[in-house]
Amino acid sequence: MQSRRPKILIIYKCLGYPLRNTVDEHLYSFKRYADADCYYLKLDIGKETFYSKEPVPAYLLKIDFDFIYFHYGFISSRWAGKQCYLNALQQVLIFKNSKAIKAVMPQDEYMGSQSIVNFVREMNIDIVFSVSPETEWAQLYEGVDFEKVKFYKVLTGYLDEGGMALMTRFLSNTPKDLDIGYRARNLPQWLGRHGFLKTQIAEAFLKALPRYKLKTDISVDPKDTFMGNSWYQFMVRCKYMIGVEGGATVHDPDGSISEKGRAYLKAHPDCSFEEIETACFPGLDGKLNLIAISPRHLEACVSRTCQVLVEGEYNGILKAGVHYISLKPDFSNLDEVLETITRDDRRKEITDNAYRDVVESGLYSYHGFVRFVLEKCLLQASDPYFNRVYVPARSLRYNHFVDWLSWKKDYFWHKIYDRLPNKWLFLNPILRLVKALGLKEPMKKMYFAITGKKSFP
């Protein structure tokens, strides 16, 4: 059918630095595994561009893309507030009438779903790759024409070859010196009882652990978050890791519930879950069932870490008693679970099962995810998509360089800039010389290319 490799544009925002490994792997899975020319467009760089309004680079507008993917790193701009989302929308409106097949890959659809619906309609989106169960699509995407827009179910993350190789290497030289480990976001009550389980499970274990002689590292404090490869190292160290399915059971389409919740919590910092539920989302908990397996559940299978999980579906991938030790949602069998961990007589059997069925099966890899996405997009495409204007290879090389440079700029602003003595004052003698030589304008252009800032010292 096709006379050349399809050209894909992946649009994203970083919305913070550094990226978690799971975000990096998802974002760059297309570059690594797609049989296509993958271009990347990062719409925010550095501390001063969180609400960026920078236009799309002109060279990208000259390329006839076959597919345009709006990564969840882009659509998650709605989390940063309405203005951040509107700015992001304005930046990409130029692609509204593109002939390319346009797909969006949202996550955390339980919050701000109205913005996603608006984006799908405004941008003439063709495909939505959703992580929510099919039963919830009608509720989450009310107002979307399901006859026009195709929906497909995907996972929040998959297994990456590089990540698996790294964990395997860590396994060969890192002792499993922690009996139980856990890291999670301290999710707010207004996501519902399920989301709040991530906090409750940590509290329940910490309360019970003094009765057992176990070495543990359990925290929901954001300051204790592991970034980059340190997360893999932490997982490898853990004999057991506790956990819960991802997701939420309260639908907050416009963000109003979270606003009420934050205000109520500020006024009543010691309130119970029941109090904040009554005040902010009475009768709404459980009306949504957006619950799904998380990437960490798959990664634990690679690190041969035995999982202790609150009973759930886990997308039909993990089965209680086979791939994990089951914990009741009310923690009524917690002591029984801790005694099993203390005996440590089931760990090898369970981790072997998980490694065989999840890792060795190859069913949950980014190879498969990318192939699935491309297949579904190709169903929407037609022959002319692959017979359009030839684009020189140098444009792709240039794009990859620009994307690489954008991360170097972020590193500078987040890791180096604040540590510089007197900021840019030490450059003043050099700048005075530059101005005296009449080189100010070229230097301004170079300065902006390197730093992303438009204000010249």
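Is His-251 buried or exposed? In this predicted model, His-251 has a relative accessible area of 15%. Because this value falls under 20%, His-251 counts as buried. The residue is located in the loop that lies between strand 10 (246-248) and helix 11 (256-267).

Two polar contacts involve the side chain of His-251. One pairs the side chain of His-251 with the side chain of Ser-113 at 2.7 Å. The other is made with the side chain of Gln-139, at 3.3 Å. Ser-113 and Gln-139 also appear among the residues that His-251 touches when residues up to four places away in sequence are not counted. Under that condition the list is completed by Tyr-110, Leu-140, Ile-257 and Leu-288.

A second region concerns the packing of two helices. Two packed helices are described by the angle between their axes and the distance between the axes. For helix 8 (residues 161-173) and helix 10 (residues 229-237), the axes come within 9 Å and cross at roughly 50°. This angle lies outside the ranges for roughly parallel (under 35 degrees), roughly perpendicular (65 to 115) and roughly antiparallel (over 145), and helix 8 and helix 10 are therefore oblique to each other. Their crossing is right-handed.

Helix 8 contributes Gly-163, Leu-166, Met-167, Phe-170 and Leu-171 to the contact, while helix 10 contributes Asn-229, Tyr-232, Gln-233 and Val-236. By class, the contact of helix 8 with helix 10 consists of six nonpolar and three polar residues, with no charged residues.

Technical notes: Residues numbered from 1 in each chain as written. Predicted model: local features only at pLDDT ≥ 70, side-chain atom pairs only at ≥ 80, totals over all residues. Heavy atoms only, no water. Axes fitted to C-alpha atoms, helices over the stretch in contact; angles between N-to-C directions. Helix = DSSP H or I, 4+ residues; strand = E, 2+ residues; numbered from the N terminus. Left-handed = near helix turned anticlockwise from the far one by under 90°. Contact = heavy atoms within 4.5 Å. Nonpolar A, V, L, I, M, F, W, Y, C, P; charged D, E, K, R; others polar. Buried < 20%, exposed > 50% of the residue type's maximum accessible area, 1.4 Å probe, protein only. Polar contact = N/O pair within 3.5 Å; in protein donor to acceptor, adjacent residues only side chain to side chain.
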